[in-house]
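Hello,

Here is the structure I promised to pass on. My notes follow below it.

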Amino acid sequence: EIKSTEKADNVITAEEIWIPKHVSDLDKCGHVVVKYEPTEDPKHPGFGDKDYISRRAELNAIARDWKFGDSMPDIQYLPEEHETWRIAYSKLKELRPSHTCAEYCKNIKQMEDIGLITADKIPSLQAIDKYLRAKTGFQLRPCGGLLSARDFLASLAFRVFQTTLYLRHHSKPNHCPEPDLIHEILGHTPMFADPVVAEFSQEVGLLSIGASDEQIERLATLYWFIIEFGLCEENGKLKAIGAGLISAFGELQHAISDTPEHAPFDPYKTAIQKYEDSDYQPLYFVAKSMSDAMEKLRKYALDFDRSAINVYNPFSQTISQLSHE
Ligand code: NLE
Ligand code: FE2
């Protein structure tokens with residue numbers, strides 16, 4: 001939605017981009033991008049599976065009807081969905097100590113210790129939401145698939161994470177071409193429980209508010225290469241920080257092997273790097289640590305061309321713009 005606004009001095013400025021001001025405005029930020037849908041894409045593992053397609057539509061309808069203030073839906077997952085979860089969870093657990101970063105290992109262990117994450121069933125979204133709010137103030141809201149970058153990034157500005165509700169197809173428990181609940185819960189939520197990851201994500205989100213399309217593309221690319229597919233170095237070894245790796249058994253092994261290229265994380269280069277979104281990445285960026293990535297992002301933000309600085313108030317859950325003209 002684009003609308004022009006009038007300024008106090010009655011000078012109509014160039015068209016301004018609609019921006020969410022309060023966390024409830026995210027009800028208007030759920031635009032799904034049609035990509036890898038099992039109804040359209042013959043390469044989707046669920047293509048042609050009528051039961052899978054209707055289940056996915058049923059869960060996406062719940063996401064579509066959800067409004068700010070509702071509690072996370074209490075979905076009765078089917079036995080075969082719990083089974084897909086169990087297979088993915090167990091395989092990924094094997095790789096955890098050797099392939100994933102310390103922050104991930106620590107947080108997922110805590111989630112397991114308190115019984116939030118178990119092998120036998122899909123965790124309660126209400127319980128995960130409660131856990132995250134207590135850890136870093138991140139909250140969940142359901143979404144119906146891959147969102148437009150602008151909508152997705154806007155939600156991060158409020159420390160809101162838009163999560164899909166459906167699961168990957170049972171024939172491919174170890175990889176999914178699109179986000180699914182296994183990716184969200186096993187890949188993202190333990191990382192959003194980390195204060196630096198939460199801050200990094202919110203900073204990218206705040207930069208996106210009111211940004212141009214070209215800037216949105218750069219911010220989405222930064223998010224992609226750190227929060228989805230980032231690596232870090234721990235005691236001379238590559239480890240995954242990115243959720244898209246942590247939730248995919250095959251790509252997780254590929255990423256830290258000698259096959260792909262590895263380059264140091266540098267926002268100026270990373271933000272303009274082309275990425276692969278239908279196969280394993282040929283190139284991954286390596287952060288010295290999450291804190292180092294955060295520091296580099298802060299410097300990058302200082303150079304980011306914007307007409308206003310977006311400030312988030314966590315008490316009122318609002319964003320206000322400080323103009324620096
Ligand atoms: N490939 C990831 C997985 O299988 O969990 C999902 C990536 C979403 C960007
Ligand atoms: Fe993701």
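**The metal site and its neighbour**

The site of the iron ion (ligand 2) is irregular, with angles of 53 to 134° among its 4 donor atoms; four donors count as tetrahedral if all angles lie between 85 and 135 degrees, as square planar if opposite donors are over 155 degrees apart and all others between 65 and 115, and as irregular otherwise. Donors here are N, O and S atoms within 2.8 Å of the metal (3.2 Å for Na, K and Ca), and since water is not among the atoms, sites may look incomplete. From the protein, His 183 (NE2), His 188 (NE2) and Glu 228 (OE, listed twice) lie 2.0 to 2.7 Å from the iron ion, with the sequence spacing H-x4-H-x39-E.

This is a predicted model, where local features need pLDDT of at least 70, side-chain atom pairs count only at pLDDT 80 or more, and totals for chains, interfaces and linings use all residues. Residues are numbered from 1 along each chain, chains are lettered from A and ligands numbered from 1 in written order, and side-chain values use heavy atoms, without hydrogens and water.

Now for ligand 1. Polar contacts (N or O pairs within 3.5 Å) include a ligand oxygen 2.5 Å from a side-chain N or O atom of Ser 247, and another ligand oxygen or the same one 2.8 Å from a backbone N or O atom of Cys 176.

Best wishes

Key. Polar contact = N/O pair within 3.5 Å; in protein donor to acceptor, adjacent residues only side chain to side chain. Tetrahedral: all angles 85-135°; square planar, octahedral: opposite > 155°, others 65-115°.
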